Amino acid sequence: AAPSVHLEGPKTIAGEYKTSSERSFIMIKPDGTSRQIVGDVIKRFEQRGYKLVAIKSLVPSQELAKEHYIDLASRPFYPALVKYITCGTPVIAMVWEGKDIIRQGRRMVGATNPLEADPGSIRGQYCISVGRNIIHASDAFDSATKEIGLWFDPKELADYEPIAAPMITA
Ligand code: ADP
């Protein structure tokens with residue numbers, strides 16, 4: 001799906017949309033876990049000002065991996081993609097929340113093909129192969145909603161206010 005931004009509703013005094021409750025599904029793939037970049041990924045999102053509302057480590061079932069990537073089912077690499085995601089090394093499934101998180105998460109992750117990714121992005125810094133590109137980030141509001149529902153039970157999503165929130169979002 002083409003990237004899109006979910007911007008609507010009231011604006012702040014700075015003229016920005018108040019999308020502070022927007023959420024995205026971000027997942028460190030098995031190669032990212034294996035290569036021990038989990039801490040760096042979390043650190044980048046935390047330091048940017050985003051809020052971690054859910055996190056878990058799991059080896060996804062075939063069924064879950066297939067459903068997550070169902071839109072790619074007709075692509076030749078789909079079986080290899082499902083095998084990669086379910087290889088036995090855990091993924092780190094997360095939900096991050098904050099202003100414009102869906103679009104910014106995509107920018108922070110970088111292009112699908114790491115060779116096209118900005119060198120400062122996560123993929124641009126850590127990988128060189130589209131078939132081992134370290135991390136997933138929802139590409140649109142609809143896919144974020146679907147993916148969060150697929151990977152998490154609503155009870156797993158925390159509702160809390162970080163102490164620095166007023167210093168991050170005006
Ligand atoms: P993104 O993960 O950036 O949203 P896509 O939704 O197009 O990208 O693809 C999902 C995942 O499928 C990619 O992150 C990558 O792991 C894998 N993939 C995409 N294209 C290829 C390809 N040509 N060869 C192998 N794997 C691919």
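Tutor: Two strands pair if DSSP finds at least two bridges between them. Helices (H or I, at least four residues) and strands (E, at least two) are DSSP runs, numbered from the N terminus. This is a predicted model, where local features need pLDDT of at least 70, side-chain atom pairs count only at pLDDT 80 or more, and totals for chains, interfaces and linings use all residues. Residues are numbered from 1 along each chain as its sequence is written.

Student: Okay, which residue in E3 stands opposite Ile26?

Tutor: Start with strand E1, residues 23-28. Six bridges join E1 to E3 (residues 91-97), and the two run antiparallel. Across from Ile26 in E3 you'll find Met94.

Student: And which residue in E4 stands opposite Met27?

Tutor: E1 also pairs with E4 (residues 135-137), in the antiparallel sense and over three bridges. Opposite Met27 in that strand is His136.

Student: How many of E1's residues are buried?

Tutor: Buried means that 20 or more other C-beta atoms, placed from the backbone, lie within 10 Å of the residue's own. Arg23, Phe25 and Met27 point one way, Ser24, Ile26 and Ile28 the other way, and all are buried. So by that definition, the count for E1 is six of six.

Student: Why is helix H5 largely enclosed by the rest of the structure?

Tutor: Look at residues 101-109, the span of H5. Among the buried ones are Ile101, Arg103 and Met108. H5 is largely enclosed because its buried residues number eight of the nine.

Student: What phi does Gly110 take, just after H5?

Tutor: Step just past the end of H5 and you reach Gly110. Its phi is positive, at about 95°.

Key:
Buried ≥ 20, exposed ≤ 12 C-beta atoms within 10 Å, placed from the backbone.
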